[in-house]
Amino acid sequence: MSFLELVEGPLFYISGTIFLIGALWRLIGIIRMGRKKDISPPKGSAVAGFFKGNLRHFFPRGLFAERTWMHVLGGYGFHLGLFAVMFFAAPHITFFQERIFGFGWPALPRWGFIIAAEIAFAGLIVLWVRRFSDPVMRMISDRDDHIGSWLTFLVMLTGCLAMQEAHDILRAIHMGIVDIWLLYFPFSRLMHAFTFVLSRGATGASYGRKGMNP
Amino acid sequence: MTETANTAIQTLLAQTDTDVASYLEACVHCGECAEACHFFLSTKDPKYTPTYKLAPLVKAYKRHKAPFHTLKGMLGLVPDEVTEEELREWEPLIYDSCTMCGRCTVVCPMGIDIAGTIRKVREGYAAAGIVPEGLQAARAQVEKTGSPMGVTAKALMAQIKHQEKETGIKIEVDKKGADYMALLSSMEVMGYPEIIGAYARLFDRAGLTWTISLDAYEATNVGVQIGSGPLAKGLVQKIVDAAEKLEVKNVISPECGHAYGALRWAGPNMIGRQFPFEVVHIIELMDQLRKDGRIPAGEKDGRKMTLHDPCQIVRRGGLLDEPRRLLDDSCSDFVEMEGAGVANLCCGGGGGVSANPRAEELMLNAFKCKLDQIDEIGGVEAVVVPCANCRTVFEDGLDEFESDLEVIGLGELVADTLKEA
């Protein structure tokens, strides 16, 4: 078995399984802590508030966007760019089709991939530079934040290097980093990709009961 | 570990439910919350970043309760135990520099309720007895007299008699079977007693039966400010007992921020059952009476006015449109400030900060942000502040910064602009 076959085969499935089980374990662990039933007479729906809260916080408020525009641009650029690259790059769709789902979907054209990847890189770099250049972010950031940023950066960088699909070793390095990223994900702050739903939802539900949602 | 630290940690962990865990798990350390916090904005000191204030809870959670804490513990990847020294070091961040205003939640991309979580952190601190002197003194006054300012029933009666004389309207005390039982805050009784007369004028005009209980007239809940669940529960229970004794249908929460949340939203959860009466905020009630045509608006006040949104009534209480409708009816030149409504800045003295002399300088600096927000409008002659605590912070702040802006309560404004009968 070649190194590429190892990281694309058994290691990928092992890390993918740990990713899935770990992420579920963590989410269930949070939910199992439970909460007391709120018995104050509601003015509105907590369930509607849960969903509204989730949607509302996708959109920055003008008042604060002025102050945090760099973060908003960097954050949106990185996340949207990464999403587009992860799920709509042609090699990824082929991989998903062959290794996981058994079906594919339309891919981004090459120029679309390049634009999305550049936006994602720019966004990630802006966010990471802010982590050590902004006094607030420097103070509150920890090792996990930096490891998560670096791993994601390496996944993206090696992915771009492997894009030509000309050298197996470049593809193997990319897949090896992806395997590490998948292993790290459920134990780290990268889990915010899932926990944000609970967090926004909890606040949204609380406000929803009060008949409003900021 | 000391007994104090152990008590704090155990209480913090007991407070950590799914909601709090979701918040701690979702924070990505983006620091945007700092941009919403008036204590950071006025000092530019990163230590006032709201999420940073939660550090003791975060450490305890990661070490003892977070998913995978056992596995990470075996690998030496959990934080050290929180020490009493650390807890004491963090105390000013927990009590002096957070008004629990919740503005940080509005900006947070994860929607984290940092204010509500600080409230839970304070439970740990209160249980361990790590509480600022000013709040301890307020607690002692409450335990002795029922009021954080030591306002006795006798002192209240003197103010009621005075307002009866001013308005010529009889104010019923301990009247059984009244539709409404009004609560007041100590600050109102001693600093702004004219609100009692305003209630009398408004309710007399609306034809409501109402009363004030001499057993439970105080709305201020120091337990909520300190973070003491047992104290907060006791104060709510006192109101519930009085309302049940008088068999009233509604209890009116006054122009006081946290009192509304403490009674309306947290109250039933504290005592473990629903109330046999409704809790209505005075602003809600006035708005409803106005809609029903029972307190018609007369000649409007012509001064250029703006509205300060008390955080616990508006952003965290849900009463966003009601005060605006009342102001539109009462004032011919009502202007909003930037971020009006849910994004409005706190006065700087909520959440017990104004009762904590150690925090005075921080509070006044934070208030300056509020004042700047008003000054940006230009030409404002009066600011309507429907919260007695905010009102005292405004008056102290305006005095400090030598501003001649007038501060008025909403109830008084509505009463003063009633249509003549």
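Two residues count as being in contact when their C-beta atoms, placed from the backbone, lie within 7 Å. Keep that in mind as you look around this predicted model.

Start by selecting chain A. Among its contacts between residues at least 6 apart in sequence, 74% join residues at least 24 apart. Colour the chain by secondary structure and you will find 11 helices and zero strands. Following the sequence from start to end, the pattern reads α-α-α-α-α-α-α-α-α-α-α. Now show just the C-alpha atoms of chain A: along the principal axes they fill a box of roughly 65 × 35 × 35 Å. If you colour by burial, 36% of the 214 residues of chain A count as buried.

Next, select helix α3 of chain A, residues 46-56. Which residues of this helix are buried? They are Gly49(A), Phe50(A), Lys52(A) and Gly53(A). Show these four with their surroundings, then add residues 192-209 of chain A to the selection. This is α11(A), and what covers the buried residues of α3(A) includes it. While the helix is on screen, recall that an α-helix has 3.6 residues a turn, so residues three or four places apart point the same way.

Now move to chain B and pick Thr2(B), which sits in the segment before α1 (3-15) of that chain. Is Thr2(B) buried or exposed? Thr2(B) is exposed, because 12 other C-beta atoms lie within 10 Å and a residue counts as exposed at 12 or fewer.

For a last stop, draw a distance from Thr2(B) to Gly73(B). The two are 71 residues apart in sequence, and their C-alpha atoms are 21 Å apart in space.

Note on methods
Residues numbered from 1 in each chain as written. Chains lettered and ligands numbered in written order. Predicted model: local features only at pLDDT ≥ 70, side-chain atom pairs only at ≥ 80, totals over all residues. Helix = DSSP H or I, 4+ residues; strand = E, 2+ residues; numbered from the N terminus. Buried ≥ 20, exposed ≤ 12 C-beta atoms within 10 Å, placed from the backbone.
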